[in-house]
Amino acid sequence: MPKPAKPAKRAPKSAGTPLGSEESYRQMVDSVKDYAIIMLDPSGRVASWNQGAERIKGYRASEIIGKDFSCFYTADAVARGLPERELELAAKEGRFEDEGWRVRKDGSQFWANAIISALRDVNGALRGYSKVTRDLTERKQAEERIQQQSKEIMELSTPVMQVWQGVVAAPLIGTLDSQRTQQFMERLLTRVVETNSPVALVDIMGVPTIDTQTAQHLIETISAVRLLGAQVVLTGVRPAIAQTLVHLGIDLSDIITRSSLAAGIQVALDILNLQVVGKNAGR
Amino acid sequence: MIQTQQGEFHIGSESDIVLARKLVRDFATELGFSLTDVTRIVTAASELTRNIYHYAGSGLMRWRPLSEGGHAGLELIFEDQGPGIPDVDKALEAGFSTGKGLGLGLPGSKRLMDEMTIESHLGQGTVVGVRKWLK
Amino acid sequence: MSAESISVIKVGDLLLVTVPSDPDDETVSALQEQVLQAMARHQVKGLVLDISTVQTLDSFFARTIAESVQMVALMGGRTVLSGMRASVAITATQLGLTLGRAETALDVDRAIERLGAAPAQGQSR
């Protein structure tokens, strides 16, 4: 734990400091270690610093007071004018909250949640800003780990199988958001190309409800498979799903659908047989 | 050509479009993007480079790697001193429903990339920035 | 990349065009020109456009393909696009390209089979 630095111009602690006085308030703010509580002058220069700020951002009070607060932002954020914009918004709305990457004294980055509040005097003139910052890096990393893990679980649970020469099948479980769609399309299309399969069965029995987003993503997947030169047969279409799709106005008129995977496989074989017949007929 | 550092390329002729694609392909591949993501990035670069050539005659494409909070990515900037885009919002909607490939350059690139910024002033020029992050 | 690097071969009563991996705009436009001339010269009933080595399919290329398909149709022929890569198909879909009503096939063999079969066979219920 770094030794707390004494901020400049601090009155000596006396046994008789009354609670609620400005002095005891300053002592309290200074002693908070989990939050960086600092003050900025109207142009964004650091005017006060607390122990939490030293702990989170790495600077001692003596080396940061007077410096512009944009030094806490990434080079990128500075280039985009983010620090100025945050002050502007705080001045306009009274307060501004933001989360983002911030930079410590040693150059390392941390994920911060910060609230900037405009401080005004009795006449409404801007006297400066207060900024309360929390280091949420651990929480963010935990969130990302969970996302990564659930992504991996989803990949394991929805393989694309080859069920016959020329037919692949992919069961869909749950709903399709943007990211899942990308993964699904990637796996399905790669498999179609690898196995040279003209028919892909996409089974949606495991899709509980279908909203516009999932429906659009499904259409997108089907379009992509078509571009390859293969056909999609949508199976496991339950009555409720069929109803929803119709109500959503989704046009499935040129997509083959069946209520069960088994029926879908039959259709797939018929399609493949027709291709064989067609080939023989041409001779 | 290995380009893991930043660089820039001047666009002045139609054949520069395919050169821009090659430069971006090498860069994105070096950074470790998946084949499909490389394809997306190169396609967006092709669209935006062609926009520069067709609307402004000449311009600049710049690229650089990104690093933020433990995530890596790339940024491409397309700059020209052309006529500018009169209505950016409209330009981003245009061509979406025709599907014929007309006017899809800008909105299409936005869909292919993770982030896009556009700054355009009539009579002065346009700057389009796009970014993609490694997943 | 010069226009000569696009090969147009007559296979029976079809044309087989192999597109290079990253053609420039000039080559793509020349392709359209070459195809139409070959169609007129050879009385063929269809065209197989092999894009199995193509790495990037942007809106310009897609537009040229869609136009070519229309022109070939006007001249009484069918076009089948063969061998699109997975990464290209995914990107093209995300970009919003549908290539009109161009027929597609997994590879050249299947494309040729498809053109040999009677037209409008494709999707049967």
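This tour goes through the model one selection at a time, beginning with chain A and ending inside chain C.

The model is predicted, so local features are given only where pLDDT is at least 70 and side-chain atom pairs count only at pLDDT 80 or more, while totals for chains, interfaces and linings use all residues. Residues are numbered from 1 along each chain as its sequence is written, and chains are lettered from A and ligands numbered from 1 in the order in which they are written.

**Chain A as a whole**

Select chain A, whose secondary structure comes to 10 helices and 10 strands; these are DSSP runs numbered from the N terminus, with helices being H or I runs of at least four residues and strands E runs of at least two. Colour residues 22–141 as domain 1 and residues 158–281 as domain 2, bounds that come from an automatic or database domain assignment. The C-alpha centres of these two domains of chain A lie 52 Å apart. Of the 283 residues of chain A, 30% count as buried, a residue being buried if 20 or more other C-beta atoms, placed from the backbone, lie within 10 Å of its own, exposed if 12 or fewer, and partly exposed in between.

**Helices 7 and 8 of chain A**

Next select residues 178–195 and 212–228 of chain A, which are helix 7 and helix 8, packed at an angle of about 25° with their axes 10 Å apart. Axes here are lines fitted to C-alpha atoms, for helices over the stretch in contact, and angles run from 0 to 180 degrees between N-to-C directions. Helix 7 and helix 8 of chain A are therefore roughly parallel to each other, since angles under 35 degrees count as roughly parallel, over 145 as roughly antiparallel, 65 to 115 as roughly perpendicular and the rest as oblique. Show side chains for the contact, which includes A:Phe184 and A:Leu188 of helix 7 and A:Thr221 and A:Val225 of helix 8; two residues are in contact if their C-beta atoms, placed from the backbone, lie within 7 Å.

**From chain A to chain C**

Keep helix 7 of chain A and add helix 3 of chain C, where the two pack at an angle of about 140° with their axes 9 Å apart and are therefore oblique to each other. The contact is made by A:Met185, A:Glu186, A:Leu189, A:Thr190 and A:Val193 on helix 7 of chain A and by C:Ala86, C:Ala89 and C:Ile90 on helix 3 of chain C.

**From chain B to chain C**

Now show chain B, of which 24 residues are in contact with 22 residues of chain C. On the chain B side, helix 1 (16–30), helix 2 (35–56) and helix 4 (105–112) each give two or more residues, and the largest share, 9 residues, comes from helix 2 of chain B.

Zoom in on helix 4 of chain B and helix 3 (residues 86–95) of chain C, whose axes come within 8 Å and cross at roughly 125°, which makes helix 4 of chain B oblique to helix 3 of chain C. Here B:Gly108, B:Arg111 and B:Leu112 meet C:Thr91, C:Gln94 and C:Leu95.

**Inside chain C**

Finally, select residues 108–116 of chain C, helix 4, in which C:Arg110, C:Ala111, C:Ile112, C:Arg114 and C:Leu115 are buried. These buried residues pack against strand 1 (7–11), strand 2 (14–18), strand 3 (46–50), strand 4 (78–82) and strand 5 (103–105) of chain C.
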